[in-house]
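Colleague: Could you take a close look at one part of this protein for me? I'd like to hear about the aromatic rings, and then whatever else around them you find worth a mention.

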Amino acid sequence: MKKFSVLLLAIASVFFYACQSSESNKTLPILGSREPVTKEVNGQTITDTVYHQIPAFEFLNQDSVSITNKTFTNGIYVADFFFTSCPSICPIMHRNMLKVYEKYKGNDDVMFLSHSIDTKYDKPSVLKRYAEKLGVNGSQWQFASGTRETIYGISPAYMVFAEENEAAPGGFEHQGWFILVDKDRQIRGAYNGTEESEVEQMMKDMDILLKEYEK
């Protein structure tokens, strides 16, 4: 059911993007749940829309430093879920993510957040070696280590399926989505991180999203 929901999310993303891409002033859709909220402004009753947001979180990064949602407040970021001993899709995902990282390297408005779903083995020291082997230095790309409850608790907020599964390669089952999040912690795109064409599209969408903040 979760996989189906994310598939619908991706289809909706493509649909909405296609609809809006014909306009000269391109914007990305806000994905996820939404609900109308009635409130009073200057004595008048108005109906506003509340969109899904990534909830507050706290993890340790590859330097054993605490990172929270406030770490990402000043920029957009791309999130994913992986584990360092993954024998299947993770190497492809992070080979593709590395291309995105290289494009935006040094850009203070862009960050990356990779959550490890191997909460027993992928401690900060392991993530540090992984990052260095990948060629990632500094704090622009954060590799998050947390408890089982915090990591698996937040993956649904990104609409990404992840679970422990002894029958799956490496003992974990997860999706390879790259999730694009804006400065308001709202999801603005979902892309298959194993497909180069979708990663290329994500970089185009990141440029569109960055331009929203130039207005």
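Modeller: Here's a walk through the rings, followed by the charged side chains and the chain as a whole. Bear in mind that this is a predicted model.

Let's start with the pairs. There are 12 aromatic pairs in the count. Take phenylalanine 112 and tryptophan 141: their ring centres are 5.8 Å apart and the planes make an angle of 45 degrees, a tilted pair. Phenylalanine 112 belongs to strand S6 (residues 110–116) and tryptophan 141 to strand S7 (residues 141–144), so this pair ties together parts that sit 29 residues apart in sequence. Neither ring is out in the open, as phenylalanine 112 and tryptophan 141 are both buried.

Tryptophan 141 has another partner, phenylalanine 143. Here the centres are 5.0 Å apart and the planes are at 20 degrees; stacked means under 30 degrees, so this pair counts as stacked. Phenylalanine 143 is buried, just like tryptophan 141. Step back a little and you'll see one aromatic cluster made up of Phe82, Tyr101, Phe112, Tyr130, Trp141 and Phe143.

Rings also turn up with charged partners. Arginine 148 has its charged end over the ring of tyrosine 152, 5.0 Å from the ring centre. Lysine 183 does something along those lines with tyrosine 213, lying over its face at 4.5 Å from the ring centre.

Now for an arginine worth clicking on: arginine 188, in strand S11 (residues 187–192). Its relative accessibility is 7%, and buried means under 20%, so arginine 188 counts as buried. What does its side chain reach? The backbone oxygen of leucine 28, at 2.7 Å. Leaving out residues up to four places away in sequence, arginine 188 touches Leu28, Pro29, Ile30 and Leu31, along with Leu180, Asp182, Leu209 and Glu212.

As for the whole protein chain, you'll find 5 helices and 11 strands. It has 215 residues, of which 45% count as buried. Among contacts with a separation of 6 or more, 67% are between residues 24 or more positions apart. The chain exposes about 11100 Å², with carbon and sulfur atoms supplying 52% of that area.

If you want one spot to begin with on screen, go to tryptophan 141: it forms the tilted pair with phenylalanine 112 and the stacked one with phenylalanine 143.

Note on methods: Residues are numbered from 1 along each chain as its sequence is written. This is a predicted model: local features need pLDDT of at least 70, side-chain atom pairs count only at pLDDT 80 or more; totals for chains, interfaces and linings use all residues. Side-chain values use heavy atoms; hydrogens and water are left out. Helices (H or I, at least four residues) and strands (E, at least two) are DSSP runs, numbered from the N terminus. Buried means under 20% relative accessible area, exposed over 50%, partly exposed in between (1.4 Å probe, protein chains only). A polar contact is a pair of N or O atoms within 3.5 Å; within protein, one must be able to donate a hydrogen and the other to accept it, and residues adjacent in sequence count only if both atoms are side-chain atoms. Contact means heavy atoms within 4.5 Å. Accessible areas come from the Shrake-Rupley method with a 1.4 Å probe; for residues, only the protein chains shown count as cover. Rings of Phe, Tyr and Trp (its six-membered ring) pair if their centres lie within 6.5 Å; planes under 30 degrees apart count as stacked, over 60 as edge-to-face and the rest as tilted. A charge sits over a ring if NZ of Lys or CZ of Arg is within 6 Å of the ring centre and within 35 degrees of the ring normal.
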